[in-house]
Amino acid sequence: MAKVYERIEPRLARWIGQQPVFFVGTAPLSGDGLVNVSPKGLRGTFGVLDDHTFAYVDMTASGVETIAHLRENGRVCVMFCSFDGTLNVVRLHGRGRVVTHGEPGFDAALEPFAMGLASRRTEARGVVTVDVTRVADACGYAVPRMTLESDRELLDSWAERRSPEWLRNYRTEKNQHSLDGLPGLAGLPDW
């Protein structure tokens, strides 16, 4: 059954590190704004930094909802589900911030992920860091048991076929504003 923790305990941090996918939930302040839930994966792109902080690499994508919502209000919840034999769901609530490519601190924020990003650095759009305010787990009784076949290599092959200029233009076209019109990458340094 559900339990609230004072911190990200080492046992939870180890379990989190073993999960191949997590879900990021954010929302704008506007009551009629769109709530967003984004699936994330790719091993080596999420890390528990300390008992109350985690970070993950935000990869190039067609939308920019999480970045826009975090820039507006910082509210975020990340959820991990166990799809193997272990029953567990862990939610990390907190206040997030993002540093994107070209902004001061981007290279330093990527450092904890150097091993996982060896071939993916050009795909990294930003790093999201979250100060955790609530850690809770739940039973996960309704989560189906599934077997991981493999990580998808599509993002890697997609990015490898593009030049840095093409990726910059793609981000400029697709990532300037959220669906609700909030600033995403608009007005940020050139890539």
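Strand β2, residues 22-26, presents a covered face made up of F22, V24 and T26, while F23 and G25 form its uncovered face. In a regular strand, the side chains alternate between the two faces of the sheet. The model described here is a predicted one.

Strand β2 has pairing partners in β3 and β6. With strand β3, which spans residues 36-40, β2 is joined by five bridges, and the two run antiparallel. Strand β6, residues 75-81, is also paired with β2 in the antiparallel sense, here over three bridges. F23, a residue of the uncovered face of β2, stands opposite P39 in β3 and opposite M79 in β6.

The pairings of β2 are set out below.

| Partner strand | Residues | Sense | Bridges to β2 | Residue opposite F23 |
|---|---|---|---|---|
| β3 | 36-40 | antiparallel | five | P39 |
| β6 | 75-81 | antiparallel | three | M79 |

Turning to the cysteines, the structure contains zero disulfides. C77 takes part in none, and the nearest cysteine sulfur to it, that of C81, lies 10 Å away. The side of C77 open to solvent is limited: its relative accessible area is 19%, so the residue counts as buried, the limit for that class being under 20%.

Why does C139 form no bond with the closest cysteine sulfur? The sulfur of C139 is 11 Å from that of C81, which is too far for a bond, since a disulfide requires the two sulfur atoms to be within 2.5 Å. C139 has a relative accessibility of 22% and therefore counts as partly exposed.

Methods:
Residues are numbered from 1 along each chain as its sequence is written. This is a predicted model: local features need pLDDT of at least 70, side-chain atom pairs count only at pLDDT 80 or more; totals for chains, interfaces and linings use all residues. Side-chain values use heavy atoms; hydrogens and water are left out. Buried means under 20% relative accessible area, exposed over 50%, partly exposed in between (1.4 Å probe, protein chains only). Helices (H or I, at least four residues) and strands (E, at least two) are DSSP runs, numbered from the N terminus. Two strands pair if DSSP finds at least two bridges between them.
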